[in-house]
Amino acid sequence: MILRPVYPSPGTPVDLATAGWREELLELYRPPRADWIRINLVGSVSGSAAGADGTSETLTNPADRKLLGVIRSLADVVVVGAASVRSEGYYIPRHAELAVVTGTGDLGNHLVTSTGAQASFFVLCPESAVARARETTADVDARILVVPDEGGSMTVPAIVDALHGAGFESIVCEGGPTLASQFVRAEVVDEVCLTTSPILNGASAPLFGGHEFPDQNLRLVSLLVDDANGIYARWGLDRTKAGG
C-alpha cells in the first residue's frame, strides 16, 4: 500500500512495502515539542467510530495500523478509556506505555494483552477505586496511578498532570469517544490525527460521543491518502493549557 502526501504540498509517495517507510512516516508525524498531546481516531465518512462489527476493527486497514504504530512510537504513553479495553481489547504498545482511565476501577474482562515487549500497563483512577482496580487486574502486572478527583470524577487536567508527574510528556489519547470529547472540552489537545475510512454508515458511535462542546478552530497540518481511498489528516488546535 502507498501513502501519498497531498497537503501542504504534494510529496514523495511512501511505499509501505519498502524498508524505509517507517522513518519517512516518523518524520512526517514527529511532534514539534516534547509535551505534545494528540488524539488519534479512526472513523467512517459519516463520523462513526465503529464499523459493521461494532468496533473500529472494520474501519481500519494496514496503512492505518502502520500509522497507528508510528504515532504511538512518538509518544510516551497511550491513554484509553476502560470501556475501550473491555469492548475492543488492547495490545500494550511496543514503544509506549498504556494507561487506562477508569473512574470505578472495574477492569473485569479487560482484554489487555502484552505484546511481549512490555508486560504491564498503568491504571489511572481515583483513590476510591484503587482496591477494585487491583482486584480486576490481578491477572496482569498493572500499576496504579492515583488521580485526584472532584466528587469521584477525574478531570482531564488532573489526568494530564498525573501523567506528567509520572514522567510522561508526550500523550496520545485513543478514545473511546467519551474520553476523546473530555480531552477536547478540557482544551489541552494540540492535535487531532483522524483517519477517515471510505465507508458511509450510520453514526451509531459518534467519534466524540455526541457530546456538545464549544467550537474550536482547526488548521490542517498535513493530509495523506492511500490507494484504498483512506484519508489521513493531522488537525492542529489552538489551545490553552489548563492552569497555564
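# Second largest pocket and salt bridges

The lining of the second largest pocket consists of 11 nonpolar, 1 polar and 1 charged residues by class. The structure is a predicted model. Its salt bridges number 10, and several of them are described below, with the pocket treated first.

**Second largest pocket**

- The second largest pocket holds about 240 Å³ of space.
- Its lining is made up of 13 residues, and those closest to the pocket centre are Val 192, Phe 208, Phe 213, Gln 216 and Leu 218.
- Strands β11 and β13 are the elements that contribute two or more residues to this lining.

**Salt bridges at Glu 191**

- Arg 38 and Glu 191 form a salt bridge in which the closest N and O atoms are 2.7 Å apart.
- This pair links distant parts of the chain, since Arg 38 belongs to strand β3 (residues 37-44) and Glu 191 to strand β11 (residues 191-197), with the two positions 153 residues apart in numbering.
- Arg 38 counts as buried because its relative accessibility is 2%, under the 20% cut-off.
- Glu 191 is likewise buried, with a relative accessible area of 1%.
- Glu 191 also meets the side chain of Arg 234 in a salt bridge, at 2.9 Å from N to O.
- Arg 234 lies in strand β13 (residues 231-237) and Glu 191 in strand β11, so this bridge ties together parts that are 43 residues apart in sequence.
- Both Arg 234 and Glu 191 are buried.

**Salt bridge between Arg 132 and Asp 106**

- The side chains of Arg 132 and Asp 106 form a salt bridge with an N to O distance of 3.5 Å.
- Arg 132 is in helix α4 (residues 130-136), while Asp 106 sits in the loop between β6 (97-101) and β7 (112-113), so the bridge joins parts that are 26 residues apart in sequence.
- Arg 132 has a relative accessible area of 32% and is therefore partly exposed.
- Asp 106 is also partly exposed, at 29% relative accessibility.

**Salt-bridge network**

- A network of salt bridges links Arg 33, Asp 35 and Asp 190.

**Points to carry forward**

- Strand β11 appears in both topics: this strand gives two or more residues to the lining of the second largest pocket, and Glu 191 lies in it.
- Strand β13 likewise gives two or more residues to that lining, and Arg 234 lies in this strand.
- Arg 38 and Arg 234 each form a salt bridge with Glu 191.

Terms used:
Residues are numbered from 1 along each chain as its sequence is written. This is a predicted model: local features need pLDDT of at least 70, side-chain atom pairs count only at pLDDT 80 or more; totals for chains, interfaces and linings use all residues. Side-chain values use heavy atoms; hydrogens and water are left out. A salt bridge is a side-chain nitrogen of Lys or Arg within 4 Å of a carboxyl oxygen of Asp or Glu. Helices (H or I, at least four residues) and strands (E, at least two) are DSSP runs, numbered from the N terminus. Buried means under 20% relative accessible area, exposed over 50%, partly exposed in between (1.4 Å probe, protein chains only). On a 1 Å grid over the protein atoms alone, a cavity is a set of points where a 1.4 Å probe fits but cannot get out, and a pocket is an open set with protein on both sides within 12 Å along at least five of seven lines; lining residues have an atom within 4 Å of a point. Grid points are joined across faces, edges and corners, and a volume is the space filled by probe spheres set on the points. Ala, Val, Leu, Ile, Met, Phe, Trp, Tyr, Cys and Pro count as nonpolar, Asp, Glu, Lys and Arg as charged, and the others, Gly among them, as polar.
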